[in-house]
Amino acid sequence: MTEIMKYEVENGIAIVTLDSPPVNALGYDVRRNIVEGVEKAASDAAADAIVIICAGRTFFAGADISEFGKPMREPDLRAVLEVIENAPKRVVAAIHGTALGGGFELALCCHHRIAVPSAKVGLPEVNLGLLPGAGGTQRLPRIIGVPAALALITSGRPIGAMEALENGAVDALASEDALRADAIAFARKLTDESTPMARVRELDGKLAEWRGKPEVFDEFRKKNAKRFRGFKAPENIIKCIEAAVALSFDEGMKRERELFVELMQSTQSAAQRYVFFAERQAAKVPDISKETPMRPVKKVGVIGAGTMGGGIAMNFLNIGLPVTLIDQTQEALERGIGVIRRNYENAAKKGRMSAGQVEACMGLITLATDYQALSDADLVIEAVFESMPVKKDVFAKIDAIAKDGAILATNTSYLDIDEIASATKRPQDVIGIHFFSPANIMPLMEVVRGEKTSLDIVNTAMQLAKKIRKTAVHARVGYGFIANRVMTVRGKQANKLALQGVSPADIDRVMYDYGFAMGPFRMFDLIGLDVIGRDSKEKTASGELVRRDRLGQKKNGGYYDYDENRNATLSPVALDVIREVAAEKGIEQVPADDDEILARLLYPVVNEGAKVLEEGIALRASDIDIACIKGYNWPIYRGGPMFWADTVGLDKIVSRLKEFEERFGEEFKPAALLVEMAFAGKRISEM
Ligand code: 3H9
C-alpha cells in the first residue's frame, strides 16, 4: 500500500502531500494524516511554513460521502480544520483539479490559497441534500460577500480559479504545471516578507454591509422559489448565511452544525447521496472493462427530421460532430432545420451560446432525402414513426448503404430491437439509443442491448453518452425498456382514475406536490395528445380530444386550456369528454383522496420496476431510479421509485397493491420479487 501522506521540507517549507485515489476524499485516514503532517511541520524547526498539496488528479474532492450515515471516527473534519487554522505556522493550500465541499472548506481554513488556472473550487453539498458543514457557510461569505455566497452555495456551482482570484477565494495563481514549486515559492515569499497570516474567520467587512438588511435573504428566497421547491437544503443554507451575518463566528458555526445535522439525518439527503453513487454505478456494465474496444464516431446520420430527430441531432452538433439529417421530403427537412435553428437562437438569446456558436452548429448539418448520404456515417440513428413495419423498412435501407462497422441505432421507445435488427444482415451492429423528449435537453440516454448486439457497440454507446453529456443507463430488450415501461403505468393509472371521476387537476396536483415538475395530464398536453394516443386501439379521452382538434399545448389546448403565458386551466371540454367516455364504457365512479391518488399512481411504478428487475431488463434497481430521475424528472430528493419505495416500506406497498388488486383487478398484483423482499425485510433499492 502506498503511503497516504508524504512529508518533505524544501527551502524551509514543509510540504505535506496527501495521496488517496481517486479523488482524495477526506475519509478517516486522510484526515488523520493531514493532522499528523501539519503537527509534524508545526514542531519541525526546519520548516517556516507549510504547504498542503494533493497528489493525483485533484485536491480534496470533499468529505468522504461513503462515510456519511455511519459513526464518525475522530478526528472529524472540523477538528482537522481547527488544527490547520490554529497552526503556529502559516499554511498554504496548493490547489489543482477540484477543491470541493470539505476540500474547499479545508482550503478556506488555510491562511493562503494558490491554485493552477485550470482548478475549480466550490461547495456542491446542496447536490447531496446537505450544506457545507465545516465552516463553508461562515467563511465563504466573509470573503466573497453575501449575495455571491448565497448564489454559489445554493447552486453548488464550482467556479474557476480565475473567478476565484477575482473574488478573493484564492490569493494567487500558479503555473499550470508547476504548482508544487510555485506554492513553495509563494509560502517562502509570504514568510520572508512577514505577511500576516490571514484567518478568514476574522474578516467582517463583507458581512457588516448586510447587517440589518434581511431583505437580501427574502428577495433571494422569492427569486428562487421555483428552483428550490421541495428541497430542504437551500433553505438551511440561507439560514446559515443569515446566521453568518447576524451572529459571531463561533455562534454561526454552531448554527451551521445544527442545520447540517438536520439535513444529514433527513431522508432527502439520504436519497440524494444514494443518487450520487447510483449515477456512477449506472455507467458500469459488468461485462465491459477498460479493455473492451470501441468504434470511432466522427460522423453521425439521423433519420427523421421531426422533433425527436432534430433534438438528437443537436446533441452531436453541440460537441462539434457533423450530422446528416435525412427525411422523405425537402419540406420536412426545412421544417426540422428551422426548429433546430430556433432552439439554438433561443439559447443564444438567453446568453447560453454566442451567435458564432449557433452558426458553427448549424454549419455542421447536411440535409438529404437520399439514404445514400449516410454511406460514410459511423453512427446512424433512426428516429422515424413508431411502427415496426416502417422501422424495418428503414433498417433494410440503412443496411444496404451503411459502411462496414457503422453503428445502426434505433431510437424506438417501445419496439423490439431484435426484430428491427432482423431486417438487416448485421444484427450485431444494431443497438437501441433511446433519448427522451426534448432530446437535446433531457439527460437520459438508454442504451438498449439486443440479443446479438456486439459488446464494442454497447461500450461505444455508453462512452458516447458521456461525450454528449447524457447519463447512460444500460437496458435489455423488453416493451418500453426501463423508463417508459415503468412510467407508462403511471399514465395508465392516471387515465383510469380520471375515468373513475377523479379530476385530472387533482391528479396533477398530487404529482406536483410529490415533487414532479408537472402531473401526467399536463405532460400529455405538452407531448401532444396526437402523439400519446397514436397507437391506442380503444376509445380514450385523449383520442376523443384529438378528434375535437385539441392536440394539447401545441393546438387548441388538451386537458387544459392555455392562455398566452401558458397558464393552464382545466378544460370543461376535457371534463365532458372524460365523462362521455366513462359513461360509454360503463365505468363506475369511485372517489379517491390524495393518499389514494398517490398510491394508485406510484405504487404500480414501483411494482413495474420490480418486474423490470425480475426480467433482467435493468442491471440493478438504482438504474431504474436513475432512468426515472433523468428521463422523467422524478424528484431527485425522493431518490427515484425504488429508493422511495424503501422509504415508504415495501410491506406497506405490497399490502396496498393487494387491496387495489382486490378492488380493481389483476394489474395491481404485486410482483413476486416485491413480495419476497417485503417478507425478508430487505431493501429493493439495493438489488
Ligand atoms: C462534504 O464535503 C461535506 C462537508 O461540507 C462537511 C463535512 C462535515 N466521497 O465522479 P467521478 C468517488 S460533502 C467519496 O466518477 P470525475 C466516486 O464515487 C462532499 N467518494 O470522477 C467514484 O467512485 P467509483 C462534497 C467519492 O473525475 C470516484 O470517486 N463534495 C467522492 O468525473 C470517481 O468519481 C462533492 O460533492 C467523495 N466526496 O469527477 C464532490 N467524490 O470510481 C463529489 C468522488 O467507485 N465528487 N467519489 O465509481 C465529484 O463531484 C466528482 O467526483 C469530481 C471528480 C468532480 C471530484
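# Salt bridges, ligand shell and surface patch

Reader: Is E596 buried or exposed?
Author: In this predicted model, E596 has a relative accessible area of 8%. The cut-off for buried is under 20%. By that cut-off E596 is buried.

Reader: How far apart in sequence are the parts that E596 and R656 tie together?
Author: The side chains of E596 and R656 meet in a salt bridge, at 3.8 Å from N to O. E596 lies in helix 26, while R656 lies in helix 29, residues 650-664. So the pair links parts whose separation in sequence is 60 residues.

Reader: Does R656 count as buried or exposed?
Author: Buried means under 20% relative accessible area. R656 has 17% relative accessibility, so R656 counts as buried.

Reader: Which residues are linked with E596 and R656 in a network of salt bridges?
Author: Side chains of opposite charge can pair when their charged atoms come close. E596 and R656 form one such pair, at 3.8 Å. Linked with them in a network of salt bridges are D595, R600, E659 and R663.

Reader: How many salt bridges does the count come to?
Author: A pair counts if a side-chain nitrogen of Lys or Arg lies within 4 Å of a carboxyl oxygen of Asp or Glu. By this rule the number of salt bridges is 54.

Reader: How many residues apart in sequence are the parts tied together by R485 and E615?
Author: R485 and E615 meet through their side chains in a salt bridge of 2.9 Å, N to O. R485 is in helix 20, residues 483-499. E615 is in the loop between helix 26 (594-614) and helix 27 (621-632). The pair therefore ties together parts separated in sequence by 130 residues.

Reader: What is the relative accessible area of E615?
Author: Its partner R485 is buried, at 11%. E615 is partly exposed, with a relative accessible area of 47%.

Reader: What is the relative accessible area of D623?
Author: R620 and D623 form a salt bridge, with the closest N and O atoms 3.1 Å apart. R620 is buried at 13%. D623 is buried as well, with a relative accessible area of 0%.

Reader: Which backbone nitrogen lies 2.9 Å from a polar atom of the side chain of E386?
Author: E386 sits in the loop between strand 13 (379-382) and helix 17 (388-401). E386 is buried, with a relative accessible area of 16%. Its side chain reaches the backbone nitrogen of S413 at 2.8 Å. The backbone nitrogen at 2.9 Å belongs to Y414.

Reader: How far is an oxygen atom of the ligand from an N or O atom in the side chain of E105?
Author: E105 is among the residues that come nearest to the ligand, including G102, E125, R280 and K284. A polar backbone atom of G102 is 2.8 Å from a ligand oxygen. For the side chain of E105, the distance to a ligand oxygen is 2.7 Å.

Reader: Which element gives the most to the shell around the ligand?
Author: The elements giving two or more residues are strand 5 (98-100), helix 3 (102-109) and helix 13 (267-282). By class, the shell has 14 nonpolar, 5 polar and 6 charged residues. With 3 residues, the top contributor is helix 13.

Reader: Which elements give two or more residues to the nonpolar patch?
Author: The patch is formed by L526, I527, V531 and I532, with about 290 Å² of accessible area together. L526 is partly exposed, at 44%. The elements are helix 22 (520-527) and helix 23 (529-532).

Note on methods:
Residues numbered from 1 in each chain as written. Predicted model: local features only at pLDDT ≥ 70, side-chain atom pairs only at ≥ 80, totals over all residues. Heavy atoms only, no water. Patch = residues over 30% accessible without salt bridge, like charges linked within 9 Å, V, L, I, M, F, W, Y side chains within 5 Å. Areas by Shrake-Rupley, 256 points an atom, 1.4 Å probe, with all protein chains shown as cover. Helix = DSSP H or I, 4+ residues; strand = E, 2+ residues; numbered from the N terminus. Buried < 20%, exposed > 50% of the residue type's maximum accessible area, 1.4 Å probe, protein only. Near = heavy atom within 4 Å. Polar contact = N/O pair within 3.5 Å; in protein donor to acceptor, adjacent residues only side chain to side chain. Nonpolar A, V, L, I, M, F, W, Y, C, P; charged D, E, K, R; others polar.
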